[in-house]
Amino acid sequence: MPVGPILRVDNLTKVFTRKGQPDFTAVDHISFEVEPGQCLGIIGESGSGKSTVANLITRLIDPTEGQIVLDGEDITRLKGRQLQTAYRKMQMVFQTPTESFDPRHTLGDGVGESLRNFGLDQSEVNREVAELLKQCGLPPEFAKRYPHQVSGGQCQRAAIARAIAIQPKLLICDEATSALDVTIQTEILALLSDLRRELNLSILFICHDIALVQQFCDWVLVMYKGSIVEEGVPDEVIRNPQNDYTKRLIESIL
Amino acid sequence: MMKQPAIRPARIRRDTVKARLIIFGILAALLILCSLFSEYLTPYDPYLQDLSNAKAAPSAQHIFGTDRYGRDMLSRVIVGSRTSIFSTLLLVAVITVIGTVIGVFCGWHGGKIDTVLMRISDMFLAFPGLVFALAVAGVLGGGLHNAIFALAAISWPKYARIARSQTLSQKETPYLRAARLSGSGTVKILAKHILPNIIGPILVTSMLDIGTMMMELAGLSFLGLGAKPPIAEWGSMMSENRALMTTVPWITMAPGLAIFVSVMIFNLLGDTVRDYADPRARQLCPGKAGFAKGKTGDGSNRRFEARHRGGR
(Lines give C-alpha, C1' and ligand atoms only; values in the text may rest on other atoms or scores of the structure.)
Protein backbone atom coordinates (compact mmCIF):
# COMPACT_ATOMS: atom_id res chain seq x y z
CA MET A 1 0.00 0.00 0.00
CA PRO A 2 1.49 3.29 -1.01
CA VAL A 3 1.16 5.75 1.80
CA GLY A 4 0.90 9.05 0.02
CA PRO A 5 -1.22 12.11 0.64
CA ILE A 6 -4.99 11.70 0.37
CA LEU A 7 -5.17 14.84 -1.68
CA ARG A 8 -2.50 16.60 -3.65
CA VAL A 9 -3.23 19.86 -5.39
CA ASP A 10 -0.64 21.15 -7.85
CA ASN A 11 -0.57 24.62 -9.33
CA LEU A 12 -4.34 24.78 -9.25
CA THR A 13 -5.66 27.83 -11.08
CA LYS A 14 -9.11 29.08 -11.94
CA VAL A 15 -9.63 32.07 -14.17
CA PHE A 16 -13.19 33.24 -14.68
CA THR A 17 -13.63 34.77 -18.10
CA ARG A 18 -16.58 36.87 -19.05
CA LYS A 19 -17.28 38.72 -22.22
CA GLY A 20 -16.71 42.44 -21.87
CA GLN A 21 -15.04 42.11 -18.49
CA PRO A 22 -11.43 41.62 -17.53
CA ASP A 23 -10.47 38.06 -16.58
CA PHE A 24 -10.69 37.33 -12.89
CA THR A 25 -8.21 34.95 -11.33
CA ALA A 26 -10.05 33.45 -8.37
CA VAL A 27 -7.43 30.84 -7.57
CA ASP A 28 -3.85 31.51 -8.55
CA HIS A 29 -1.41 28.60 -8.81
CA ILE A 30 -1.89 27.07 -5.40
CA SER A 31 -0.38 23.77 -4.29
CA PHE A 32 -0.89 21.82 -1.10
CA GLU A 33 -1.31 18.30 0.26
CA VAL A 34 -3.61 16.68 2.78
CA GLU A 35 -2.05 13.74 4.62
CA PRO A 36 -4.17 10.78 5.79
CA GLY A 37 -5.92 11.68 9.02
CA GLN A 38 -4.82 15.28 8.82
CA CYS A 39 -7.08 18.26 9.24
CA LEU A 40 -6.03 21.08 6.98
CA GLY A 41 -7.58 24.49 7.46
CA ILE A 42 -7.91 27.18 4.83
CA ILE A 43 -8.69 30.66 6.06
CA GLY A 44 -9.13 33.95 4.30
CA GLU A 45 -11.63 36.74 3.80
CA SER A 46 -14.63 36.42 1.53
CA GLY A 47 -13.59 36.55 -2.08
CA SER A 48 -10.16 35.12 -1.36
CA GLY A 49 -10.98 32.01 -3.38
CA LYS A 50 -11.51 29.50 -0.56
CA SER A 51 -14.84 28.22 -1.78
CA THR A 52 -13.62 28.13 -5.36
CA VAL A 53 -10.89 25.77 -4.15
CA ALA A 54 -13.56 23.49 -2.67
CA ASN A 55 -15.57 23.58 -5.88
CA LEU A 56 -12.48 22.85 -7.94
CA ILE A 57 -11.40 19.89 -5.83
CA THR A 58 -14.88 18.37 -5.95
CA ARG A 59 -14.89 19.09 -9.71
CA LEU A 60 -18.13 21.02 -9.52
CA ILE A 61 -16.29 23.56 -11.63
CA ASP A 62 -13.42 22.84 -14.02
CA PRO A 63 -9.94 24.17 -13.28
CA THR A 64 -8.16 26.37 -15.80
CA GLU A 65 -4.82 24.88 -15.01
CA GLY A 66 -3.18 22.50 -12.55
CA GLN A 67 -3.72 19.02 -11.22
CA ILE A 68 -5.84 17.41 -8.51
CA VAL A 69 -4.74 13.99 -7.28
CA LEU A 70 -7.11 12.17 -4.95
CA ASP A 71 -5.70 9.11 -3.19
CA GLY A 72 -3.15 8.55 -5.95
CA GLU A 73 -5.62 9.04 -8.80
CA ASP A 74 -5.52 12.07 -11.07
CA ILE A 75 -9.11 13.34 -11.09
CA THR A 76 -8.47 16.64 -12.86
CA ARG A 77 -10.10 15.59 -16.12
CA LEU A 78 -12.42 12.79 -15.00
CA LYS A 79 -15.95 12.82 -16.35
CA GLY A 80 -19.27 11.12 -15.84
CA ARG A 81 -19.12 7.65 -14.34
CA GLN A 82 -15.44 7.81 -13.41
CA LEU A 83 -16.02 11.04 -11.54
CA GLN A 84 -18.98 9.48 -9.73
CA THR A 85 -16.67 6.71 -8.59
CA ALA A 86 -14.15 9.28 -7.38
CA TYR A 87 -16.87 10.84 -5.22
CA ARG A 88 -16.81 7.69 -3.10
CA LYS A 89 -13.56 8.98 -1.70
CA MET A 90 -14.48 12.58 -1.06
CA GLN A 91 -17.57 14.31 0.17
CA MET A 92 -18.47 17.83 1.06
CA VAL A 93 -20.47 19.62 3.73
CA PHE A 94 -21.93 22.89 2.55
CA GLN A 95 -22.25 26.29 4.15
CA THR A 96 -26.04 26.45 4.04
CA PRO A 97 -27.46 23.32 5.67
CA THR A 98 -31.10 23.80 4.72
CA GLU A 99 -30.38 24.68 1.11
CA SER A 100 -28.09 21.70 0.73
CA PHE A 101 -31.10 19.37 0.89
CA ASP A 102 -33.70 19.16 -1.85
CA PRO A 103 -36.85 20.81 -0.41
CA ARG A 104 -39.04 18.22 -2.15
CA HIS A 105 -37.34 15.25 -0.54
CA THR A 106 -36.94 14.09 3.03
CA LEU A 107 -33.63 14.23 4.86
CA GLY A 108 -33.57 10.43 4.72
CA ASP A 109 -33.78 10.56 0.94
CA GLY A 110 -30.89 12.98 0.82
CA VAL A 111 -28.71 11.03 3.23
CA GLY A 112 -29.42 7.77 1.44
CA GLU A 113 -29.00 9.05 -2.11
CA SER A 114 -25.36 8.07 -2.44
CA LEU A 115 -26.05 4.64 -0.92
CA ARG A 116 -28.80 4.03 -3.44
CA ASN A 117 -26.53 5.18 -6.24
CA PHE A 118 -23.98 2.64 -5.16
CA GLY A 119 -26.41 -0.20 -5.35
CA LEU A 120 -27.99 -0.74 -1.93
CA ASP A 121 -31.67 -1.63 -1.95
CA GLN A 122 -34.23 0.49 -0.13
CA SER A 123 -34.49 -1.51 3.09
CA GLU A 124 -30.71 -1.57 3.47
CA VAL A 125 -30.61 2.14 2.77
CA ASN A 126 -33.25 2.82 5.42
CA ARG A 127 -31.36 0.82 8.03
CA GLU A 128 -28.10 2.48 7.10
CA VAL A 129 -29.64 5.98 7.16
CA ALA A 130 -31.05 5.45 10.65
CA GLU A 131 -27.62 4.29 11.78
CA LEU A 132 -25.89 7.29 10.19
CA LEU A 133 -28.32 9.77 11.72
CA LYS A 134 -27.76 8.20 15.13
CA GLN A 135 -24.03 8.45 14.63
CA CYS A 136 -24.47 12.16 13.94
CA GLY A 137 -26.64 12.69 17.01
CA LEU A 138 -30.09 12.73 15.43
CA PRO A 139 -33.00 10.41 16.23
CA PRO A 140 -33.89 8.09 13.32
CA GLU A 141 -37.32 9.75 12.88
CA PHE A 142 -35.51 12.68 11.30
CA ALA A 143 -35.21 10.63 8.14
CA LYS A 144 -38.87 11.41 7.49
CA ARG A 145 -38.59 15.16 8.05
CA TYR A 146 -38.22 17.78 5.36
CA PRO A 147 -35.22 20.14 5.45
CA HIS A 148 -37.20 23.21 6.50
CA GLN A 149 -38.87 21.32 9.33
CA VAL A 150 -35.64 21.05 11.27
CA SER A 151 -33.21 23.63 12.60
CA GLY A 152 -30.02 24.66 10.85
CA GLY A 153 -27.85 22.71 13.28
CA GLN A 154 -29.95 19.55 12.93
CA CYS A 155 -29.86 19.94 9.18
CA GLN A 156 -26.10 20.28 9.22
CA ARG A 157 -25.89 17.07 11.26
CA ALA A 158 -27.93 15.38 8.56
CA ALA A 159 -25.62 16.88 5.94
CA ILE A 160 -22.65 15.39 7.76
CA ALA A 161 -24.46 12.05 7.91
CA ARG A 162 -24.95 12.30 4.16
CA ALA A 163 -21.29 13.11 3.65
CA ILE A 164 -20.00 10.13 5.65
CA ALA A 165 -22.60 7.70 4.26
CA ILE A 166 -20.28 6.14 1.70
CA GLN A 167 -17.27 6.29 4.01
CA PRO A 168 -15.14 8.79 2.14
CA LYS A 169 -11.51 9.31 2.95
CA LEU A 170 -11.63 13.05 2.56
CA LEU A 171 -14.28 15.38 3.93
CA ILE A 172 -14.40 18.94 2.65
CA CYS A 173 -16.15 21.36 4.94
CA ASP A 174 -16.88 24.55 3.07
CA GLU A 175 -17.76 27.04 5.82
CA ALA A 176 -19.72 24.22 7.38
CA THR A 177 -20.24 26.08 10.63
CA SER A 178 -20.55 29.65 9.41
CA ALA A 179 -24.32 29.77 9.14
CA LEU A 180 -24.86 28.38 12.64
CA ASP A 181 -24.89 30.16 15.96
CA VAL A 182 -22.00 29.79 18.34
CA THR A 183 -23.26 27.00 20.60
CA ILE A 184 -24.35 24.92 17.62
CA GLN A 185 -20.98 25.60 16.00
CA THR A 186 -19.24 24.01 18.97
CA GLU A 187 -21.51 20.97 18.81
CA ILE A 188 -20.90 20.49 15.11
CA LEU A 189 -17.16 20.83 15.59
CA ALA A 190 -17.27 18.25 18.37
CA LEU A 191 -19.18 15.91 16.08
CA LEU A 192 -16.65 16.41 13.31
CA SER A 193 -13.71 15.65 15.59
CA ASP A 194 -15.43 12.52 16.91
CA LEU A 195 -16.10 11.30 13.39
CA ARG A 196 -12.59 12.16 12.35
CA ARG A 197 -11.23 9.93 15.07
CA GLU A 198 -13.71 7.08 14.51
CA LEU A 199 -13.49 6.97 10.74
CA ASN A 200 -9.92 8.15 10.34
CA LEU A 201 -11.12 10.95 8.11
CA SER A 202 -8.93 13.56 6.51
CA ILE A 203 -10.60 16.94 6.59
CA LEU A 204 -10.20 20.04 4.49
CA PHE A 205 -11.70 22.71 6.69
CA ILE A 206 -12.50 25.94 4.91
CA CYS A 207 -13.42 28.71 7.27
CA HIS A 208 -13.11 32.43 7.83
CA ASP A 209 -12.95 32.13 11.60
CA ILE A 210 -9.34 31.81 12.70
CA ALA A 211 -10.32 30.77 16.22
CA LEU A 212 -12.19 27.71 14.94
CA VAL A 213 -9.26 26.78 12.73
CA GLN A 214 -6.88 27.06 15.67
CA GLN A 215 -9.11 24.81 17.71
CA PHE A 216 -9.66 22.20 15.05
CA CYS A 217 -6.85 22.02 12.50
CA ASP A 218 -3.32 20.61 12.40
CA TRP A 219 -2.11 22.86 9.65
CA VAL A 220 -3.44 26.05 8.18
CA LEU A 221 -3.18 27.82 4.85
CA VAL A 222 -3.89 31.54 4.68
CA MET A 223 -5.39 32.57 1.36
CA TYR A 224 -5.50 36.09 0.04
CA LYS A 225 -6.64 37.12 -3.43
CA GLY A 226 -6.39 33.59 -4.77
CA SER A 227 -2.93 32.75 -3.48
CA ILE A 228 -1.57 31.06 -0.39
CA VAL A 229 0.27 33.79 1.45
CA GLU A 230 1.27 31.84 4.54
CA GLU A 231 1.03 28.38 6.03
CA GLY A 232 1.98 26.61 9.20
CA VAL A 233 0.77 25.16 12.48
CA PRO A 234 -2.23 27.32 13.51
CA ASP A 235 -0.77 28.34 16.88
CA GLU A 236 2.48 29.42 15.24
CA VAL A 237 0.74 31.36 12.52
CA ILE A 238 -1.42 33.18 15.03
CA ARG A 239 1.40 33.93 17.46
CA ASN A 240 3.94 34.89 14.87
CA PRO A 241 2.38 35.87 11.56
CA GLN A 242 4.89 36.64 8.82
CA ASN A 243 2.70 37.99 6.09
CA ASP A 244 1.14 41.46 6.19
CA TYR A 245 -2.30 40.19 5.35
CA THR A 246 -2.14 37.49 8.01
CA LYS A 247 -1.12 40.10 10.55
CA ARG A 248 -4.10 42.23 9.64
CA LEU A 249 -6.41 39.22 9.75
CA ILE A 250 -5.28 38.27 13.23
CA GLU A 251 -5.30 41.84 14.52
CA SER A 252 -8.85 42.24 13.30
CA ILE A 253 -10.16 39.63 15.74
CA LEU A 254 -7.94 40.42 18.70
CA MET B 1 -47.76 32.60 21.63
CA MET B 2 -47.26 35.84 19.76
CA LYS B 3 -47.16 33.89 16.54
CA GLN B 4 -50.51 32.17 16.86
CA PRO B 5 -52.76 34.91 15.44
CA ALA B 6 -50.47 35.24 12.43
CA ILE B 7 -50.74 31.57 11.63
CA ARG B 8 -54.46 31.11 12.04
CA PRO B 9 -55.76 33.29 9.18
CA ALA B 10 -53.32 31.60 6.83
CA ARG B 11 -54.67 28.22 7.85
CA ILE B 12 -58.22 29.32 7.22
CA ARG B 13 -57.27 30.75 3.86
CA ARG B 14 -55.63 27.47 3.02
CA ASP B 15 -58.72 25.52 3.96
CA THR B 16 -60.91 27.57 1.64
CA VAL B 17 -58.39 27.12 -1.13
CA LYS B 18 -58.53 23.41 -0.53
CA ALA B 19 -62.33 23.43 -0.63
CA ARG B 20 -62.26 25.38 -3.89
CA LEU B 21 -59.72 22.97 -5.30
CA ILE B 22 -61.98 20.05 -4.50
CA ILE B 23 -65.10 21.71 -5.94
CA PHE B 24 -63.51 22.83 -9.20
CA GLY B 25 -61.56 19.60 -9.45
CA ILE B 26 -64.83 17.66 -9.26
CA LEU B 27 -66.50 19.95 -11.80
CA ALA B 28 -63.60 19.60 -14.21
CA ALA B 29 -63.58 15.84 -13.68
CA LEU B 30 -67.33 15.76 -14.43
CA LEU B 31 -66.73 17.64 -17.66
CA ILE B 32 -64.01 15.24 -18.67
CA LEU B 33 -66.11 12.20 -17.71
CA CYS B 34 -69.03 13.64 -19.66
CA SER B 35 -66.84 13.99 -22.73
CA LEU B 36 -65.40 10.49 -22.22
CA PHE B 37 -68.79 8.81 -22.11
CA SER B 38 -70.55 11.29 -24.37
CA GLU B 39 -72.08 8.71 -26.68
CA TYR B 40 -73.91 7.05 -23.77
CA LEU B 41 -75.25 10.35 -22.45
CA THR B 42 -76.88 11.69 -25.56
CA PRO B 43 -80.68 11.44 -25.64
CA TYR B 44 -80.70 11.36 -29.48
CA ASP B 45 -78.28 10.50 -32.24
CA PRO B 46 -76.38 13.79 -32.70
CA TYR B 47 -75.99 13.20 -36.45
CA LEU B 48 -79.55 12.09 -37.16
CA GLN B 49 -81.33 14.62 -39.37
CA ASP B 50 -85.05 15.18 -39.04
CA LEU B 51 -86.01 17.97 -41.38
CA SER B 52 -89.64 17.89 -40.33
CA ASN B 53 -88.55 18.99 -36.88
CA ALA B 54 -85.88 21.52 -37.91
CA LYS B 55 -85.22 24.69 -35.92
CA ALA B 56 -87.50 23.55 -33.14
CA ALA B 57 -87.57 25.75 -30.05
CA PRO B 58 -86.33 24.37 -26.72
CA SER B 59 -88.91 21.99 -25.30
CA ALA B 60 -89.14 19.01 -22.99
CA GLN B 61 -88.06 16.68 -25.83
CA HIS B 62 -85.24 18.90 -27.04
CA ILE B 63 -83.92 20.98 -24.14
CA PHE B 64 -81.69 23.08 -26.38
CA GLY B 65 -83.94 22.85 -29.42
CA THR B 66 -82.85 21.50 -32.80
CA ASP B 67 -80.70 22.95 -35.56
CA ARG B 68 -81.59 23.61 -39.15
CA TYR B 69 -81.34 19.90 -40.05
CA GLY B 70 -83.45 18.91 -37.09
CA ARG B 71 -80.50 17.48 -35.11
CA ASP B 72 -80.91 17.58 -31.35
CA MET B 73 -78.68 20.38 -30.01
CA LEU B 74 -78.23 18.89 -26.55
CA SER B 75 -76.87 15.68 -28.06
CA ARG B 76 -74.59 17.65 -30.34
CA VAL B 77 -73.27 19.76 -27.48
CA ILE B 78 -72.59 16.62 -25.41
CA VAL B 79 -70.81 14.88 -28.28
CA GLY B 80 -69.03 18.11 -29.14
CA SER B 81 -67.51 18.11 -25.66
CA ARG B 82 -65.36 15.18 -26.67
CA THR B 83 -63.85 17.04 -29.60
CA SER B 84 -63.54 20.34 -27.77
CA ILE B 85 -62.30 19.18 -24.37
CA PHE B 86 -60.09 16.36 -25.59
CA SER B 87 -58.43 18.37 -28.32
CA THR B 88 -57.76 21.10 -25.77
CA LEU B 89 -56.32 18.73 -23.19
CA LEU B 90 -54.22 17.05 -25.86
CA LEU B 91 -53.00 20.43 -27.06
CA VAL B 92 -52.09 21.65 -23.59
CA ALA B 93 -50.37 18.36 -22.76
CA VAL B 94 -48.35 18.52 -25.97
CA ILE B 95 -47.16 22.10 -25.49
CA THR B 96 -46.43 21.52 -21.81
CA VAL B 97 -44.27 18.49 -22.53
CA ILE B 98 -42.50 19.95 -25.58
CA GLY B 99 -41.96 23.34 -23.95
CA THR B 100 -40.67 21.80 -20.72
CA VAL B 101 -38.31 19.42 -22.47
CA ILE B 102 -36.85 22.19 -24.62
CA GLY B 103 -36.65 24.61 -21.70
CA VAL B 104 -34.97 22.16 -19.32
CA PHE B 105 -32.56 21.12 -22.03
CA CYS B 106 -31.64 24.74 -22.82
CA GLY B 107 -31.29 25.70 -19.17
CA TRP B 108 -29.22 22.66 -18.29
CA HIS B 109 -27.06 22.52 -21.37
CA GLY B 110 -26.55 26.22 -22.08
CA GLY B 111 -24.18 27.28 -24.83
CA LYS B 112 -24.93 27.70 -28.52
CA ILE B 113 -27.91 25.31 -28.71
CA ASP B 114 -29.55 27.26 -25.91
CA THR B 115 -29.04 30.54 -27.76
CA VAL B 116 -30.38 29.17 -31.03
CA LEU B 117 -33.48 27.58 -29.49
CA MET B 118 -34.25 30.64 -27.42
CA ARG B 119 -33.98 32.96 -30.43
CA ILE B 120 -36.40 30.66 -32.26
CA SER B 121 -38.81 30.89 -29.34
CA ASP B 122 -38.40 34.69 -29.38
CA MET B 123 -39.44 34.62 -33.00
CA PHE B 124 -42.65 32.79 -32.14
CA LEU B 125 -43.32 35.07 -29.21
CA ALA B 126 -42.92 38.14 -31.41
CA PHE B 127 -46.00 37.27 -33.49
CA PRO B 128 -49.50 37.92 -32.23
CA GLY B 129 -50.57 34.40 -31.31
CA LEU B 130 -53.92 33.80 -32.91
CA VAL B 131 -52.99 35.62 -36.11
CA PHE B 132 -49.97 33.38 -36.48
CA ALA B 133 -52.09 30.31 -35.75
CA LEU B 134 -54.51 31.48 -38.43
CA ALA B 135 -51.66 31.73 -40.89
CA VAL B 136 -50.30 28.29 -40.00
CA ALA B 137 -53.73 26.69 -40.13
CA GLY B 138 -54.40 28.53 -43.39
CA VAL B 139 -51.22 27.21 -44.98
CA LEU B 140 -51.75 23.67 -43.74
CA GLY B 141 -55.42 23.73 -44.59
CA GLY B 142 -58.35 23.28 -42.24
CA GLY B 143 -58.96 20.35 -39.96
CA LEU B 144 -58.76 19.72 -36.25
CA HIS B 145 -55.26 18.25 -36.37
CA ASN B 146 -53.85 21.22 -38.21
CA ALA B 147 -55.55 23.62 -35.81
CA ILE B 148 -53.97 21.79 -32.87
CA PHE B 149 -50.62 21.85 -34.61
CA ALA B 150 -50.93 25.57 -35.35
CA LEU B 151 -51.80 26.42 -31.76
CA ALA B 152 -49.01 24.16 -30.45
CA ALA B 153 -46.51 25.90 -32.72
CA ILE B 154 -47.27 29.28 -31.20
CA SER B 155 -47.72 28.19 -27.59
CA TRP B 156 -44.68 26.12 -26.66
CA PRO B 157 -42.24 29.05 -26.23
CA LYS B 158 -44.00 30.26 -23.10
CA TYR B 159 -43.39 26.90 -21.42
CA ALA B 160 -39.84 26.69 -22.70
CA ARG B 161 -39.13 30.12 -21.17
CA ILE B 162 -40.55 29.18 -17.78
CA ALA B 163 -38.81 25.80 -17.72
CA ARG B 164 -35.51 27.32 -18.78
CA SER B 165 -35.47 30.08 -16.17
CA GLN B 166 -36.55 27.65 -13.46
CA THR B 167 -33.86 25.18 -14.46
CA LEU B 168 -31.24 27.92 -14.41
CA SER B 169 -32.22 28.94 -10.90
CA GLN B 170 -32.12 25.31 -9.72
CA LYS B 171 -28.82 24.58 -11.37
CA GLU B 172 -26.65 26.45 -8.89
CA THR B 173 -28.40 25.38 -5.69
CA PRO B 174 -26.32 23.59 -3.07
CA TYR B 175 -28.61 20.59 -3.06
CA LEU B 176 -27.96 19.94 -6.73
CA ARG B 177 -24.24 20.03 -6.03
CA ALA B 178 -24.83 17.69 -3.12
CA ALA B 179 -26.77 15.36 -5.40
CA ARG B 180 -23.94 15.35 -7.88
CA LEU B 181 -21.48 14.58 -5.09
CA SER B 182 -23.75 11.72 -4.06
CA GLY B 183 -22.94 10.15 -7.40
CA SER B 184 -26.18 10.89 -9.20
CA GLY B 185 -25.85 11.17 -12.97
CA THR B 186 -27.37 13.89 -15.12
CA VAL B 187 -30.53 11.95 -15.96
CA LYS B 188 -31.17 11.13 -12.32
CA ILE B 189 -30.59 14.73 -11.25
CA LEU B 190 -32.94 16.03 -13.92
CA ALA B 191 -35.68 13.53 -13.13
CA LYS B 192 -35.40 13.44 -9.35
CA HIS B 193 -34.35 16.93 -8.39
CA ILE B 194 -34.85 19.44 -11.19
CA LEU B 195 -38.19 18.32 -12.59
CA PRO B 196 -40.09 18.03 -9.28
CA ASN B 197 -38.79 21.45 -8.27
CA ILE B 198 -39.71 23.26 -11.47
CA ILE B 199 -42.93 21.49 -12.42
CA GLY B 200 -45.16 23.58 -10.12
CA PRO B 201 -45.19 26.88 -12.01
CA ILE B 202 -45.34 24.97 -15.30
CA LEU B 203 -48.40 22.98 -14.22
CA VAL B 204 -50.09 26.11 -12.98
CA THR B 205 -49.46 27.79 -16.32
CA SER B 206 -50.86 24.85 -18.22
CA MET B 207 -53.95 24.69 -16.01
CA LEU B 208 -54.57 28.36 -16.69
CA ASP B 209 -53.96 27.76 -20.38
CA ILE B 210 -56.69 25.12 -20.74
CA GLY B 211 -59.40 27.78 -20.85
CA THR B 212 -57.47 29.99 -23.25
CA MET B 213 -56.67 27.11 -25.56
CA MET B 214 -60.27 25.94 -25.55
CA MET B 215 -61.32 29.43 -26.66
CA GLU B 216 -58.66 29.63 -29.33
CA LEU B 217 -59.43 26.18 -30.67
CA ALA B 218 -63.13 27.03 -30.78
CA GLY B 219 -62.17 30.32 -32.42
CA LEU B 220 -60.21 28.59 -35.15
CA SER B 221 -63.09 26.16 -35.68
CA PHE B 222 -65.50 29.07 -35.79
CA LEU B 223 -63.42 30.59 -38.57
CA GLY B 224 -63.56 27.29 -40.41
CA LEU B 225 -59.93 26.36 -39.79
CA GLY B 226 -60.54 23.75 -37.12
CA ALA B 227 -63.05 20.92 -36.95
CA LYS B 228 -65.08 20.56 -40.13
CA PRO B 229 -68.82 19.98 -40.24
CA PRO B 230 -70.59 17.67 -39.70
CA ILE B 231 -68.25 16.86 -36.78
CA ALA B 232 -69.83 18.26 -33.65
CA GLU B 233 -67.42 20.83 -32.20
CA TRP B 234 -68.59 23.82 -30.22
CA GLY B 235 -66.78 26.45 -32.25
CA SER B 236 -67.82 25.08 -35.62
CA MET B 237 -71.39 24.52 -34.37
CA MET B 238 -71.63 28.20 -33.53
CA SER B 239 -70.20 29.14 -36.88
CA GLU B 240 -72.53 26.79 -38.77
CA ASN B 241 -75.58 28.35 -37.21
CA ARG B 242 -74.57 31.96 -36.88
CA ALA B 243 -76.64 33.00 -39.90
CA LEU B 244 -79.73 31.94 -37.99
CA MET B 245 -78.82 33.77 -34.81
CA THR B 246 -81.53 36.40 -35.20
CA THR B 247 -84.35 33.97 -35.89
CA VAL B 248 -83.43 30.92 -33.80
CA PRO B 249 -80.93 32.17 -31.19
CA TRP B 250 -80.89 28.94 -29.11
CA ILE B 251 -78.86 27.09 -31.74
CA THR B 252 -75.86 29.31 -31.14
CA MET B 253 -76.63 29.72 -27.49
CA ALA B 254 -76.19 26.03 -26.62
CA PRO B 255 -72.58 25.57 -27.81
CA GLY B 256 -71.76 29.12 -26.65
CA LEU B 257 -72.98 28.28 -23.17
CA ALA B 258 -70.98 25.06 -23.22
CA ILE B 259 -67.80 26.95 -24.12
CA PHE B 260 -68.50 29.60 -21.51
CA VAL B 261 -69.12 27.11 -18.71
CA SER B 262 -66.19 24.83 -19.42
CA VAL B 263 -63.72 27.66 -19.99
CA MET B 264 -64.84 29.18 -16.71
CA ILE B 265 -64.50 25.91 -14.81
CA PHE B 266 -61.00 25.27 -16.13
CA ASN B 267 -59.95 28.87 -15.49
CA LEU B 268 -61.20 28.76 -11.92
CA LEU B 269 -59.48 25.43 -11.42
CA GLY B 270 -56.26 26.93 -12.76
CA ASP B 271 -56.58 29.92 -10.44
CA THR B 272 -57.16 27.65 -7.50
CA VAL B 273 -54.19 25.46 -8.34
CA ARG B 274 -52.07 28.60 -8.50
CA ASP B 275 -53.30 29.70 -5.08
CA TYR B 276 -52.69 26.24 -3.72
CA ALA B 277 -49.13 26.21 -5.01
CA ASP B 278 -48.41 29.67 -3.59
CA PRO B 279 -45.02 29.55 -1.89
CA ARG B 280 -46.31 31.67 0.97
CA ALA B 281 -48.92 29.04 1.74
CA ARG B 282 -46.31 26.32 1.48
CA GLN B 283 -44.47 27.23 4.65
CA LEU B 284 -47.34 26.12 6.80
CA CYS B 285 -47.82 22.79 5.16
CA PRO B 286 -44.58 21.91 3.48
CA GLY B 287 -43.78 18.80 1.59
CA LYS B 288 -47.42 18.08 1.00
CA ALA B 289 -48.45 20.44 -1.67
CA GLY B 290 -46.22 23.42 -2.20
CA PHE B 291 -44.56 23.56 -5.56
CA ALA B 292 -42.20 26.46 -5.34
CA LYS B 293 -39.29 26.44 -2.98
CA GLY B 294 -40.12 28.68 -0.09
CA LYS B 295 -37.48 30.78 1.57
CA THR B 296 -37.47 29.95 5.23
CA GLY B 297 -36.80 32.33 8.02
CA ASP B 298 -33.99 32.13 10.50
CA GLY B 299 -33.23 29.00 12.46
CA SER B 300 -35.13 29.85 15.59
CA ASN B 301 -38.31 30.49 13.70
CA ARG B 302 -37.91 27.25 11.84
CA ARG B 303 -37.58 25.40 15.10
CA PHE B 304 -40.69 27.14 16.32
CA GLU B 305 -42.58 26.00 13.30
CA ALA B 306 -41.25 22.49 13.58
CA ARG B 307 -42.40 22.26 17.16
CA HIS B 308 -45.83 23.57 16.38
CA ARG B 309 -46.34 21.44 13.37
CA GLY B 310 -46.88 18.49 15.65
CA GLY B 311 -47.35 15.15 13.99
CA ARG B 312 -45.46 15.72 10.79
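Visitor: What makes β6(A) and β7(A) a pair, and in which sense do they run, parallel or antiparallel?

Guide: In this predicted model, four bridges join β6(A) and β7(A) in the parallel sense. Two strands count as a pair once DSSP finds at least two bridges between them, so β6(A) and β7(A), with four, qualify. Within this pairing, A:V93 stands opposite A:C173, and the bridge partner of A:M92 is A:I172.

Visitor: How do you know that β7(A) is largely enclosed by the rest of the structure?

Guide: Count its residues: five of the five in β7(A) are buried, so the strand is largely enclosed. Buried residues sit on both faces, with A:L170, A:I172 and A:D174 on one side and A:L171 and A:C173 on the other.

Visitor: And what covers the picture for β6(A), on one face or both?

Guide: Both faces of β6(A) are covered. A:M90 and A:M92 are buried on one side, while A:Q91 and A:V93 are buried on the other.

Visitor: Which strand pairs with β7(A) over five bridges?

Guide: That is β8(A), which pairs with β7(A) in the parallel sense. A:C173 has A:F205 in β8(A) as its bridge partner.

Visitor: Why is the pairing in the whole sheet called mixed?

Guide: Follow the strands of this open sheet, in the order β6-β7-β8-β3-β9-β10 of chain A. β6(A) and β7(A) pair in the parallel sense, whereas β9(A) and β10(A) run antiparallel and are joined by five bridges. Both senses occur, and the pairing of the six strands is mixed. In the antiparallel pair, A:V220 stands opposite A:G232 in β10(A).

Visitor: What makes β6 and β10 of chain A the edge strands?

Guide: Each of them pairs on one side only. As for the twist, neighbouring strands of the sheet are turned by 20 degrees against each other on average, with direction ignored.

Visitor: Which helices pack on these strands?

Guide: Helix α1 of chain A, residues 50-57, lies across β3, β6, β7, β8 and β9 of chain A and runs at about 145 degrees to β7(A). Helix α5(A) packs on the sheet too, touching β6 and β7 of chain A, and its direction makes about 175 degrees with that of β6(A).

Visitor: Why is α4(A) called oblique to α5(A)?

Guide: The two axes come within 9 Å and cross at roughly 125 degrees. Roughly perpendicular covers 65 to 115 degrees and roughly antiparallel begins over 145, so a crossing at roughly 125 degrees falls outside both and makes α4(A) oblique to α5(A). The crossing is right-handed.

Visitor: Which residues make that contact?

Guide: α4(A) brings A:L132, A:L133 and A:Q135, and α5(A) brings A:A158, A:A161 and A:I164. By type they are five nonpolar, one polar and no charged.

Visitor: How do you know that A:A26 is buried?

Guide: A residue needs 20 or more other C-beta atoms within 10 Å to be called buried. A:A26 has 21 such neighbours, so it counts as buried. A:A26 is found in strand β2 of chain A. Leaving aside neighbours within four places in sequence, A:A26 is in contact with A:K14, A:F16, A:G49, A:T52 and A:G226.

Visitor: What makes A:N243 partly exposed?

Guide: A:N243 has 15 other C-beta atoms within 10 Å. Buried needs 20 or more and exposed means 12 or fewer, so a count of 15 lies in between and A:N243 is partly exposed. The residue sits in the loop between α8 and α9 of chain A. Beyond residues up to four places away in sequence, A:N243 touches A:V222, A:V229 and A:E230.

Visitor: How do you know that chain A and chain B touch?

Guide: 26 residues of chain A are in contact with 25 residues of chain B. On the chain A side, β6, α3 and α5 each supply at least two residues, and α3(A) gives the most, with three. That side divides into nine nonpolar, 12 polar and five charged residues.

Visitor: What is chain B built from?

Guide: Chain B has 12 helices and zero strands. Of its 312 residues, 40% are buried.

Notes
Residues are numbered from 1 along each chain as its sequence is written. Chains are lettered from A and ligands numbered from 1 in the order in which they are written. This is a predicted model: local features need pLDDT of at least 70, side-chain atom pairs count only at pLDDT 80 or more; totals for chains, interfaces and linings use all residues. Two residues are in contact if their C-beta atoms, placed from the backbone, lie within 7 Å. Ala, Val, Leu, Ile, Met, Phe, Trp, Tyr, Cys and Pro count as nonpolar, Asp, Glu, Lys and Arg as charged, and the others, Gly among them, as polar. Axes are lines fitted to C-alpha atoms, for helices over the stretch in contact, and angles run from 0 to 180 degrees between N-to-C directions. Angles under 35 degrees count as roughly parallel, over 145 as roughly antiparallel, 65 to 115 as roughly perpendicular and the rest as oblique. A crossing is left-handed if the near helix is turned anticlockwise from the far one by less than a right angle, and right-handed if clockwise.
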